[in-house]
Amino acid sequence: MDDSDVHPLLACYLERREELVRYFRVRLRSEEAAQDLVQDIYLKITPPPAAPIDNPAAYLYRLGTNLMLDRIKTQRRAGQRDAQWRDAGAGAADWDTADEPRADDALAARQRLAQIVAVVNDLPPAVQEAFRLHKLEGLNHAETAAAMGVSRSSVEKYIMTSLKRILAKVGR
């Protein structure tokens with residue numbers, strides 16, 4: 001493939017790539033951000049537009065400037081949204097904006113759950129069944145009693161037994 005096979009816009013991009021990086025480095029105050037932006041320019045012009053472009057260099061700078069402004073607006077909106085989120089939680093407890101719990105919290109929760117499961121597995125079968133129906137499946141005491149064929153009073157005693165055992169072995 002010789003130079004005549006390369007679209008004029010792509011040829012201009014390849015010729016001015018370093019110039020574009022310098023230009024946007026100054027405006028973005030970051031080498032990495034400038035490199036990313038110039039790469040985005042390339043992605044936007046590949047494949048090249050079908051319509052002829054009178055001034056490919058001006059087109060590249062305008063495209064890059066538009067992409068840069070879009071990024072700045074997006075970052076500004078995200079910053080405002082994060083600030084609003086933090087402000088909304090200012091009166092409440094220290095809210096964490098992460099979508100997932102910290103790794104050590106997740107590990108502690110898994111360990112605690114394993115302890116609770118072990119305690120429940122050591123309970124007598126009727127107590128296990130009452131605990132499962134009431135706490136895990138969400139049935140109230142009357143529904144649990146009906147499902148098990150026992151009195152409501154028995155279900156209440158089973159649930160109290162299971163909770164006392166969990167508290168004694170695992171704690172709050």
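## Helix H6: two faces

Let's start on the outward face of H6: Ala146 and Ala147 are exposed there. The model is a predicted one, and this helix is a good place to begin reading it. Within H6, which spans residues 141–148, the buried residues include His141, Thr144 and Ala145. These three sit on the same side of H6, because the arc they cover around the axis is only 100°. The general rule behind such a pattern is that an α-helix has 3.6 residues a turn, so residues three or four places apart point the same way.

What covers the buried residues of H6? Helix H5 (125–136) and helix H7 (152–169) are among the elements that do so.

## The ends of H6

Both ends of this helix have a local detail to look at. At its start, Asn140 has a side-chain oxygen that comes to within 3.1 Å of the backbone nitrogen of Ala142. Just past the other end of H6, Gly149 adopts a positive phi of about 75°.

## H6 against H7

Two packed helices are described by the angle between their axes and the distance between the axes. For H6 and H7, the angle is about 105° and the axes are 8 Å apart. That makes the two helices roughly perpendicular, since angles of 65 to 115 degrees fall in that class.

Which residues of H6 and H7 meet? On the H6 side they are His141, Ala142, Thr144, Ala145 and Met148, and on the H7 side Arg152, Val155, Glu156, Tyr158 and Ile159. His141, Thr144 and Ala145 thus appear both among the buried residues of H6 and in its contacts with H7.

## Ser162 in helix H7

Staying with H7, we come to Ser162, which belongs to this helix. Is Ser162 buried or exposed? Its relative accessibility is 0%, so Ser162 counts as buried, the cut-off being under 20%.

The side chain of Ser162 has a polar atom 2.7 Å from the backbone oxygen of Ile159. Leaving aside residues up to four places away in sequence, Ser162 touches Leu123, Val127 and Phe131. Ile159 also takes part in the meeting of H7 with H6.

## H2 against H3

Now for another helix pair. The axes of H2 and H3 come within 10 Å of each other, and they cross at roughly 120°. The two helices are therefore oblique to each other, and their crossing is right-handed.

From H2, the residues in this contact are Ala33, Asp36, Leu37, Asp40, Ile41, Lys44 and Ile45. Their partners in H3 are Tyr59, Leu60, Leu63, Gly64, Leu67, Met68 and Arg71.

## Loops on either side of H2

The loop between helix H2 (31–45) and helix H3 (56–88) contains Pro47. Here the peptide bond joining Thr46 and Pro47 is cis, with omega about -5°.

Arg29, in turn, lies in the loop between helix H1 (8–28) and H2. Its phi is near 60°, a positive value in a residue other than glycine. Arg29 is exposed, with a relative accessible area of 76%.

## Gly79 in helix H3

One last stop is Gly79, found in H3. With a relative accessible area of 35%, Gly79 is partly exposed. If you would like a distance to check in the model, the C-alpha atoms of Gly79 and Val26 are separated by 22 Å, and the two residues are 53 residues apart along the chain.

How values were computed: Residues numbered from 1 in each chain as written. Predicted model: local features only at pLDDT ≥ 70, side-chain atom pairs only at ≥ 80, totals over all residues. Heavy atoms only, no water. Buried < 20%, exposed > 50% of the residue type's maximum accessible area, 1.4 Å probe, protein only. Helix = DSSP H or I, 4+ residues; strand = E, 2+ residues; numbered from the N terminus. Arc of directions from axis to C-beta. Contact = heavy atoms within 4.5 Å. Polar contact = N/O pair within 3.5 Å; in protein donor to acceptor, adjacent residues only side chain to side chain. Axes fitted to C-alpha atoms, helices over the stretch in contact; angles between N-to-C directions. Parallel < 35°, antiparallel > 145°, perpendicular 65-115°, else oblique. Left-handed = near helix turned anticlockwise from the far one by under 90°.
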